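Q: Please take a close look at the nonpolar core of this protein. I would like to know which residues and elements build it, and what surrounds it.

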Amino acid sequence: MTMSIRLLFLTFLLLASPFLQAALSQSDSEDSGFEVSDVSEEESDADEVFGLELNSAPGIETLCVFPKNSAKIIKAGIDTELLVGMKNDGQSNVDIVAVKAGLHLPFDQKPLVQNLTSLSFSNASVPTSAQATFPYIFAVSKFLQAGAFDLVGTIIYEIDGKQYQNTFYNGTIEVVEDGPLFRMESVFLIGLLISSIIALTIYIQNALKHMTKKTKRAPKKVEVGTATKDASLDEWLEGTAYTQSSSKSKKKK
């Protein structure tokens with residue numbers, strides 16, 4: 001049952017996000033069900049909140065959607081947009097404080113690789129039994145080496161004067177260099193791989209040829225008849241004392 005609710009909520013965010021974002025910028029925000037004003041990317045007091053150990057509030061659910069990048073491939077130095085969705089099933093209104101994210105190593109999230117954009121909200125609220133979507137745009141440093149990193153995104157909010165936080169995304173993204181797909185490094189690596197395959201193929205072919213030649217050169221046994229051997233021996237000993245004694249013995253017989 002909970003999984004079905006999550007899927008319905010995610011579908012709602014994907015379909016309704018343009019309308020919710022438009023509502024965020026309308027002047028009559030009170031009639032739309034939530035209020036938003038003075039969104040800032042500058043450093044503020046809200047940045048200090050991200051260093052605190054805050055819990056999530058009961059009845060508050062958050063989700064994250066990459067609307068134009070389902071593969072989560074991030075180009076270094078280029079702005080990337082994601083949508084943070086919040087559903088308030090609690091008993092009180094939720095006041096949004098800030099949204100922030102950071103990059104971490106995939107095998108150890110303790111070291112922080114990069115702090116991303118911090119969005120501060122001075123007047124944004126989500127009433128009870130309501131849903132809202134907040135666009136969040138960030139850019140990875142163009143000097144960051146390409147590879148896999150963990151993106152951890154957090155939203156800070158207040159309920160009845162007490163602060164809470166929800167992690168709306170904690171997963172792996174792929175950071176790539178901005179530019180053409182094939183760079184000099186890629187061409188070099190591909191050429192090296194092809195050369196290695198060709199060299200290995202030639203080595204195997206030469207080894208097989210060498211083994212075939214060895215098999216063909218194996219010596220064959222030749223049987224020599226006794227008659228031929230005796231005739232050759234007699235011819236070689238002709239005129240010697242051995243032949244004379246042999247002839248005498250034959251005459252006696």
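A: In this predicted model, buried residues make up 33% of the 253 residues in the protein. The accessible surface comes to about 17300 Å², and carbon and sulfur atoms account for 56% of it. Among contacts with a separation of 6 or more, 71% join residues 24 or more positions apart. The fold itself consists of five helices and 10 strands.

The largest nonpolar core has 36 residues, and the members that touch the most others are L82, I96, Y136, L151 and Y157. The elements that give two or more residues to this core are β2 (60–65), β4 (79–88), β5 (94–105), β6 (108–121), β8 (130–139), β9 (147–159) and β10 (162–176).

L82 can serve as the reference point. Setting aside neighbours within four places in sequence, L82 is in contact with C64, V65, F66 and P67, with F134, P135, Y136 and F138, and also with L151 and F168. Two of these partners, Y136 and L151, are themselves among the core members that touch the most others.

The aromatic side chains add some detail. By the ring-centre criterion there are four aromatic pairs. One of them joins Y136 and F138, which are stacked with 5.9 Å from centre to centre and 25 degrees between the planes. Y136 and F138 are both buried, and both are contacts of L82. A further stacked pair is formed by Y157 and Y164, at 6.0 Å centre to centre with 20 degrees between the planes. Y157 is buried, its relative accessible area being 0%. Y164 has 16% relative accessibility and also counts as buried, because the cut-off for that class is under 20%.

Charged side chains give a short list. The structure holds one salt bridge, in which the side chains of K87 and D89 meet at 3.9 Å, N to O. The two ends fall into separate classes: K87 counts as buried at 15% relative accessibility, whereas D89 counts as partly exposed at 44%.

Two loop residues deserve a note on backbone geometry. Most residues other than glycine have a negative phi. S129 is not a glycine, yet has a positive phi of about 60 degrees. S129 lies in the loop between β7 (125–126) and β8, and at 68% relative accessibility S129 counts as exposed. D160 is another residue other than glycine with a positive phi, near 55 degrees. D160 is found in the loop between β9 and β10, and D160 is exposed, with a relative accessible area of 67%. The strands on either side of the D160 loop, β9 and β10, are both on the list of elements that give two or more residues to the core.

Nonpolar side chains also occur on the outside. L200, Y203, I204, L208 and M211 form a nonpolar patch on the surface, with about 570 Å² of accessible area together. L200 belongs to helix α3, which covers residues 184–216.

To return to the core: L82, I96, Y136, L151 and Y157 are the members with the most contacts to other members. Of these, Y136 takes part in the stacked pair with F138, and Y157 in the stacked pair with Y164.

Conventions: Residues numbered from 1 in each chain as written. Predicted model: local features only at pLDDT ≥ 70, side-chain atom pairs only at ≥ 80, totals over all residues. Heavy atoms only, no water. Patch = residues over 30% accessible without salt bridge, like charges linked within 9 Å, V, L, I, M, F, W, Y side chains within 5 Å. Areas by Shrake-Rupley, 256 points an atom, 1.4 Å probe, with all protein chains shown as cover. Salt bridge = Lys/Arg side-chain N within 4 Å of Asp/Glu carboxyl O. Helix = DSSP H or I, 4+ residues; strand = E, 2+ residues; numbered from the N terminus. Buried < 20%, exposed > 50% of the residue type's maximum accessible area, 1.4 Å probe, protein only. Contact = heavy atoms within 4.5 Å. Phe/Tyr/Trp six-rings, centres within 6.5 Å; stacked < 30°, edge-to-face > 60°. Core = buried A, V, L, I, M, F, W, Y, C linked by side-chain atoms within 4.5 Å.
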